Every structure is written in C-alpha cells, then in structure tokens.
Amino acid sequence: MYLWKCWRDTRSAFLGIVACLLAIGIFGAYVQFDPLGWIAARPESSRLLWHVGSDALGASLMELIAVAGLILGAMGVGVEFERGTADFLLTRPRSRRSFLWTSWCLGAAQILTLVPLALAANWLTRPDLTAARPGLFPRVPLAMCAVALLIYSLTYLMTTLARNSRNGIGLSVAALTGYTLLHLWLILWHDITVPIVWELPQRPDRYDAGVWFGSLLGCLAVCLTLMAATQFRFERAEV
Amino acid sequence: MTDHAIATRGLVKRYGQQEAVNGLEMRVPAGAVYGCLGRNGAGKSTTIKMLMGLARPDSGNASVLGFDCATQTVDILRRVAFVGENKTLYGELTPEEMVRFTRGFYPRWSASAAEAGARRLEVPMRRRFKTLSKGNRAKVWLLLALGQAADLLVLDEPTAGLDPVTQDTVLQLLAEGGGAGTSTVFFSSHDLAEVERICDWVGIVDAGRMLLEARLDDIREHYRLVIAEGRDLPMERAAPVESATRRGSFSRYLVSRDADGFAARLRSLGAAVTDVTPLSLRDVFLELVRKEDPCTSGNAGATLAAPSLAS
C-alpha cells in the first residue's frame with residue numbers, strides 16, 4: 001500500500017518529466033525528418049535556428065535527468081516530516097527501513113524508466129551524432145543511470161537530513177557544486193584526478209574501459225552508501 | 001496480555017537542558033479507560049510519543065501490552081491504534097482512500113467498525129483531506145484508529161478542536177472502548193469534564209512526573225482535603241498524603257484515604273484541623289498542580305522522607 005501512496009505522490013512529477021522528454025523527442029523528430037517539408041522551405045538562417053534549437057534540447061537531456069533525480073529525491077520519505085505526516089506513517093506496523101526502501105525503489109525505477117526515454121529523445125534530436133559514435137552503447141545508458149541514481153540518492157539523503165524538500169534540494173545542489181569545484185581545483189592546481197562522475201555519460205570513450213567501469217561501480221557504491229546513511233538517520237529520527 | 005496495558009519505569013526524556021519527562025512511573029491497567037491529565041508542557045505528548053516509538057527515552061523503560069517500546073515497536077504498532085496530537089494526513093487523499101491505504105497494514109482491520117465510525121462521526125469520505133476542517137481531520141484520524149480493531153487505543157487530545165456534538169460522539173465511542181474488540185483506552189486531555197465523564201482511571205502528570213494515579217471512584221469516595229492550622233506540621237508526601245502545601249500558618253493536605261484518622265494524627269501533633277472536605281477531580285487536579293508556594297509545596301519534586309504521619 002505504501003508503494004501505491006509513493007506512486008500517488010510522485011506520479012505528477014514523473015509524468016511531467018515524461019511529457020517533457022516526449023515533447024523534446026517529437027520536436028527533434030520533426031526537425032530531423034521534416035515530414036511536411038516546412039523547415040526545408042524556410043530560409044537558411046531560419047533552418048539553422050531550428051537545428052540549433054533541436055541540438056541544444058538534445059544536449060540538455062542529461063541535465064533534465066539530473067533535475068528529475070533532484071525532484072524525485074526531494075519527494076522521498078524525508079518529506080513526511082515536512083508535511084507533518086511522519087507520526088501517522090511511523091505508527092503503522094512496518095519497519096522504518098521498509099518505508100525507506102519502498103519509496104527509494106519506486107523513485108529509482110522511475111529514474112531507470114526516464115533514462116531510456118531520454119536516450120530515445122536524444123537519438124531523435126541528434127541521430128547523426130549517435131551514428132558517428134556507435135561504441136557509446138551501452139556505456140551512455142549505464143552511465144546516465146548511475147549518475148541520475150547518484151543525484152537522486154544524494155537528494156534523498158539531504159531531504160531526510162533537512163526534513164524539508166526545498167532544503168534537501170538546496171543542500172544536494174550545494175554538495176554537487178562543491179564536489180565539482182573541488183574536482184576542478186584539484187585537477188587545475190594540483191594535477192590530482194578525483195573519481196570522474198559527470199564525465200561518465202558525457203565522454204565515455206575518453207577513458208580506458210577499466211577506469212570507466214571502475215568509476216561506474218564506484219558511483220553505484222556511493223549511491224548505496226548514501227542510502228545506508230539515509231537509513232541510519234531515518235531509523236533514529238524522532239518526531 | 002499482561003496486567004498492565006502500559007507500564008513505564010523511571011522514564012526520562014530531555015530536549016537540550018529541558019526535561020520534558022522526568023522519571024515518569026505509570027501503570028495503565030488492562031481493560032481500563034485511562035485519562036492522562038496535565039497542563040500544557042506537562043509531558044503527556046512526549047510520553048505518548050515514546051510509547052509509540054516516535055521518540056526515544058534518555059533513560060528508563062516503557063512497555064506496551066508487554067512489549068518493550070525501545071526494541072519491539074512494530075509488535076506494539078500491530079496491536080495499538082494511535083491518534084496523534086498533530087491531526088495531519090495526506091492532503092491529496094480522501095478519507096476513503098486513507099481507509100484503503102491504512103487497512104493494508106492491519107490483517108485484523110474491521111471494515112464494519114470503520115463504516116460504523118464513519119457514519120457516527122459523519123466523516124465526509126469523498127473530500128480531499130486538505131479541504132477538511134480541523135474537526136473533520138480529527139475525525140478521520142479517529143476513524144482510522146477505530147478500524148484497526150486494536151487491543152489498545154492511544155489518543156493524544158482526541159477531542160481538541162471538535163464541536164460539542166462531535167466531542168460527545170467521540171467520548172461515547174471511547175467509553176464503548178472504541179468498538180471492534182478494543183479493550184483498553186488511554187488518552188491525554190486538558191479537559192477535566194470529559195475525563196470525569198468516561199474514565200475509570202486517571203493519571204495526573206506535571207513537569208514530567210506522575211503526581212497521582214488512581215481509580216476515579218477512589219478519588220470521589222476517599223480523597224479529602226484536610227486543612228490544619230499549626231506550627232511545624234510535617235510536609236512530607238508519604239501515604240496517605242498525596243500532596244502537602246503551606247500557606248501562612250495553614251497547611252493543606254490532599255489525603256487519599258482515612259482522612260479522619262489523618263486529621264486525628266494532626267490533632268495529636270497540636271494542630272487545629274479546620275476542614276476535611278471531599279474533592280472532585282477538578283479540586284484534586286488543582287491541588288496537585290497549583291504551585292502558589294513552591295518553597296513549601298510537598299508535591300512535584302519533594303523528597304520522600306520517612307512517612308512520619310503514616311505510621
């Protein structure tokens with residue numbers, strides 16, 4: 001039953017993101033295949049604008065998935081404290097960890113549904129790019145899933161710690177920004193390479209397969225560590 | 001099931017420097033309708049939270065239906081229905097959907113009790129929770145508790161915010177034991193009249209401590225206020241003295257039994273006993289929690305010296 005309630009809570013956000021991805025895919029397909037010949041009939045500058053728009057949307061799909069991770073992570077079990085429903089939920093005869101993992105699994109399943117949709121939309125907006133780099137499969141989908149799950153789990157933890165969805169998103173964005181800045185500082189000033197995260201899906205062919213898969217597994221291990229921390233905090237939370 | 005539906009021993013809960021519950025000793029007999037009375041901030045809600053596993057005690061222990069609150073929370077929650085202080089539920093769900101959601105957790109769910117409760121409480125089952133009034137929200141909580149067919153019903157100020165008619169219905173439901181096989185009812189309240197109306201046991205809590213725990217009939221029949229004038233009268237709280245306060249040369253004793261014998265003992269110490277009065281629950285409550293002269297008050301926090309008067 002709790003799964004049903006989690007679905008009730010998250011379905012608007014999930015379906016909204018699905019609608020965005022479908023809209024981008026349809027727009028990309030329209031620009032790419034121009035079935036009615038409207039774009040071809042336009043002047044060169046206008047045609048270019050349509051293609052730039054389509055490419056830009058296609059390039060922003062990973063960011064859209066990251067936003068989905070932030071939104072769905074902020075709708076986890078930590079939000080029960082913000083809504084004032086924690087005392088109701090936590091007095092139902094189930095272990096707290098069962099609520100936590102039910103909610104997390106649903107969100108993870110939604111993320112894993114969004115990634116193939118995003119990739120399909122990406123293929124529709126930039127089929128030439130995908131065709132030029134056939135070796136990207138299955139690295140790109142795997143990496144997108146891992147990074148989205150990482151952002152989702154981080155936001156889930158922060159929302160549970162802050163007991164508030166907006167603060168959870170804020171803390172998560174701050175942590176991600178901090179990590180990126182640390183990454184840049186270490187590379188540029190000290191020539192130290194920290195584990196890659198963002199480049200996992202964006203430049204999968206840049207790294208040796210061993211390093212890349214190691215990073216992927218590391219990313220998933222961090223997700224599980226974040227969720228273990230969330231469970232530790234949630235099981236001890238007082239209302 | 002044990003003799004006591006709820007038992008706490010030396011229960012302590014601190015929030016920073018403040019002790020919300022301070023060594024609470026409570027025994028709720030199985031089968032009783034027990035009213036926990038206390039002023040705002042007395043520690044009633046914190047105690048209930050600890051019983052329901054929503055807060056952890058800093059020391060002491062508590063058991064509900066024989067299960068330890070610290071380690072067997074899920075076992076307790078299977079058998080106990082709870083109505084919280086904060087009557088918030090999922091805003092997007094209707095009471096009908098809340099019933100469907102909640103019944104999935106309880107194999108013993110009684111659809112007939114829930115339906116009867118919904119009818120008697122006149123709960124609007126198809127309106128979203130967020131559109132309901134405060135009173136209707138409280139009714140939904142109660143309805144969900146009634147359907148659980150629990151052994152014990154724990155309610156934190158269940159009638160707060162309800163109109164008099166609904167209050168009356170709720171009290172009737174509680175007096176009937178919540179229906180569907182619920183045998184013990186424990187609820188907290190400020191309202192002395194409602195406690196007096198339906199409870200057979202009462203506990204008076206102040207500053208996180210149990211000041212008095214007794215059958216309501218015993219309070220009515222045996223409790224007396226003894227007022228005596230005299231010097232150096234003993235102020236210890238020891239049976240049968242529940243509280244002792246001094247105002248000027250007058251000492252006031254709340255005595256739980258044998259008031260005449262106690263008055264005779266005071267006279268033997270040279271006191272002039274001016275009054276021996278029967279008490280209502282309201283009088284007992286005020287006598288226990290009022291702190292007009294805390295320096296000489298014999299209730300909360302007094303040292304329990306050897307009972308010089310009781311022997």
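Buried means under 20% relative accessible area, exposed means over 50%, and partly exposed lies in between (1.4 Å probe, protein chains only). This is a predicted model, in which local features need pLDDT of at least 70, side-chain atom pairs count only at pLDDT 80 or more, and totals for chains, interfaces and linings use all residues. Residues are numbered from 1 along each chain as its sequence is written, chains are lettered from A and ligands numbered from 1 in the order in which they are written, and side-chain values use heavy atoms, without hydrogens and water.

**Exercise 1. Classify the ring pair of Phe88(A) and Tyr90(B), and place both residues.**

Step 1. Take the rule. Rings of Phe, Tyr and Trp (its six-membered ring) pair if their centres lie within 6.5 Å; planes under 30 degrees apart count as stacked, over 60 as edge-to-face and the rest as tilted. By this rule there are 19 aromatic pairs over all chains.

Step 2. Apply it. The ring centres of Phe88(A) and Tyr90(B) are 6.2 Å apart and the planes stand at 85 degrees, so the pair is edge-to-face.

Step 3. Locate the partners. Helices (H or I, at least four residues) and strands (E, at least two) are DSSP runs, numbered from the N terminus. Phe88(A) belongs to helix α5 (residues 86-89) of chain A, and Tyr90(B) to the loop between β6 (80-83) and α3 (95-103) of chain B, so the pair joins two chains.

Step 4. Check accessibility. Phe88(A) is buried, at a relative accessible area of 1%. Tyr90(B) is buried too, at 3%.

Step 5. Widen the view. Ring pairs link a cluster that includes Phe88(A), Tyr90(B), Trp4(A) and Trp141(B).

**Exercise 2. Which charged end sits over the ring of Tyr90(B), and which residue lies over the face of Phe81(A)?**

Step 1. Set the test. A charge sits over a ring if NZ of Lys or CZ of Arg is within 6 Å of the ring centre and within 35 degrees of the ring normal.

Step 2. Take Tyr90(B). The charged end of Lys5(A) sits over its ring, 4.1 Å from the centre. Lys5(A) is also linked with Asp9(A), Glu80(A) and Arg83(A) in a network of salt bridges.

Step 3. Take Phe81(A). Arg163(A) lies over its face, at 4.1 Å from the ring centre.

Step 4. Look at the backbone of Arg163(A). Its phi is near 55 degrees, a positive value in a residue other than glycine. Arg163(A) is in the loop between α8 (139-162) and α9 (165-190) of chain A. At 26% relative accessibility, Arg163(A) is partly exposed.

**Exercise 3. Compare the settings of three salt bridges: Arg47(A) with Glu44(A), Arg128(B) with Glu92(B), and Glu287(B) with Arg252(B).**

Step 1. State the criterion. A salt bridge is a side-chain nitrogen of Lys or Arg within 4 Å of a carboxyl oxygen of Asp or Glu. The count is 21 over all chains.

Step 2. Start in chain A. The closest N and O atoms of Arg47(A) and Glu44(A) are 2.7 Å apart. The two residues are three apart in helix α2 (residues 44-59) of chain A, which puts about one helical turn between them. Arg47(A) is partly exposed at 26%; Glu44(A) is exposed at 54%.

Step 3. Move to chain B. Arg128(B) and Glu92(B) meet at 2.5 Å, N to O. This pair links distant parts of the chain, 36 residues apart: Arg128(B) is in the loop between α4 (111-121) and α5 (134-147) of chain B, Glu92(B) in the loop between β6 and α3 of chain B. Arg128(B) is partly exposed at 39%, and Glu92(B) is partly exposed at 37%.

Step 4. Finish with Glu287(B) and Arg252(B). Their closest N and O atoms are 2.8 Å apart. Glu287(B) lies in helix α10 (residues 281-289) of chain B and Arg252(B) in strand β13 (residues 250-255) of chain B, so the bridge ties together parts 35 residues apart in sequence. Both residues are buried.

**Exercise 4. Describe the backbone at Leu65(B) and at Pro240(B).**

Step 1. Leu65(B) has a positive phi of about 55 degrees although it is not a glycine. Leu65(B) is in the loop between β4 (59-64) and β5 (67-68) of chain B. At 8% relative accessibility, Leu65(B) is buried.

Step 2. A cis peptide bond joins Ala239(B) and Pro240(B), with omega about 5 degrees. Pro240(B) is in the loop between β11 (224-229) and β12 (241-247) of chain B.
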